[in-house]
Amino acid sequence: MMTLPPVAPMLDSTTFADLDTAGRFAFIRREFGDKVVATTSFGAQSAILLHLLATHSPETPIICVDTGYMFPETYQFAEDLQRLLSLTVRFYASAVSPARMEAIHGRLWQNGQDGLKHYGLLRKIEPLDRALKEHGAQAWISGLRRSQSSDRGRRSFLEQQNRTTKIYPILDWSDEAVAAYVRLHALPAHPLVERGFVSIGDWHSTRKLEPGMTAEETRHGGLQRECGLHLDSSNGDFQI
């Protein structure tokens, strides 16, 4: 796994970790002002970060990278959550349509690590980079948590990726803390959760959790846990 470089000295992960939830969002506003965006995948637990943003930082733009291969249930969940939380999310997609990609390159997700790398750069990284540039963002907020995978268990609250600072305000939240927050605020679950899905990405690379499987094995056939956004796009190395 490639180690991300530390953030600038003024952005101290230890100080950030000591803050409560409201304090963390205040820290982000103080450090970055209007040069920050948040991302959402409308996945299994996306409602938590979206509710926190609506509560503590409603002015923060929220973007979603639409690969064109999300589950139909995810698109509907996105509409429902936006209405419920009174949020407007901007969707960014690759300029290359799914049909054109498959005609030229085939089903990249079926071609091992190299195919997944190409898929991630084409369908996820390029739209994200474009979104960050359009918003003039110096930082972006993500809802990653350490308990979600072994890779995420090694992450810091603040990381530098190229010229952008990545911020994980709920990185240290346990599964129990997430469940309690959902109950307290009566947040809806992604409809696929009831069908046994614990991590939800594209329909072609996501499986429900079966007996004997780990959560990491439900994505990309176990080849990688990350969706493709959490990589260094300057050289294309995946953070796995």
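## Strand pairing

Two strands count as paired if DSSP finds at least two bridges between them. In this predicted model, strand S5 (residues 158-161) and strand S6 (residues 164-167) meet that condition with four bridges, in the antiparallel sense. One of the bridges joins Leu158 to Ile167 of S6. The two strands form a hairpin with two residues between them. Asn162, in the turn, has a positive phi of about 55°.

In a regular strand, side chains alternate between the two faces of the sheet. Strand S5 is covered on both faces. Leu158 and Gln160 are buried on one side, and Glu159 and Gln161 are buried on the other.

## Overall composition

The chain has 240 residues, of which 49% are buried. Its secondary structure consists of seven helices and eight strands. Taking contacts between residues at least 6 apart in sequence, 71% join residues at least 24 apart.

## Nonpolar cores

The largest nonpolar core holds 36 residues. Within this core, Ile28, Phe42, Leu50 and Leu53 have the most contacts. Four helices each supply at least two of the core residues: H2 (21-32), H3 (46-56), H4 (72-85) and H7 (175-185). Strands S1 (36-39), S2 (62-65) and S4 (139-141) also supply at least two each. Helix H3 gives the most, with six residues.

Leu50 can be followed through its contacts. Leaving aside residues up to four places away in sequence, Leu50 touches Thr40, Phe42, Ile62, Leu81, Leu85 and Leu87. Phe42 is thus both a contact of Leu50 and one of the residues with the most contacts inside the core.

A second core, separate from the largest, has nine residues. Among them are Ile63, Tyr92, Ala131 and Leu132.

## Largest pocket

The largest pocket contains about 1100 Å³ of space. It is lined by 50 residues, and those closest to the pocket centre are Ser41, Gly43, Ala44, Gln45 and Gln148. Helices H3, H4 and H7 and strand S2 each give two or more residues to the lining. These four elements also each supply at least two residues of the largest nonpolar core.

By class, the lining has 25 nonpolar, 18 polar and seven charged residues.

Notes
Residues numbered from 1 in each chain as written. Predicted model: local features only at pLDDT ≥ 70, side-chain atom pairs only at ≥ 80, totals over all residues. Heavy atoms only, no water. Core = buried A, V, L, I, M, F, W, Y, C linked by side-chain atoms within 4.5 Å. Buried < 20%, exposed > 50% of the residue type's maximum accessible area, 1.4 Å probe, protein only. Contact = heavy atoms within 4.5 Å. 1 Å grid on protein atoms, 1.4 Å probe; cavity = no way out; pocket = protein on both sides within 12 Å on 5 of 7 lines; lining within 4 Å. Points joined across faces, edges and corners; volume = space filled by probe spheres on them. Nonpolar A, V, L, I, M, F, W, Y, C, P; charged D, E, K, R; others polar.
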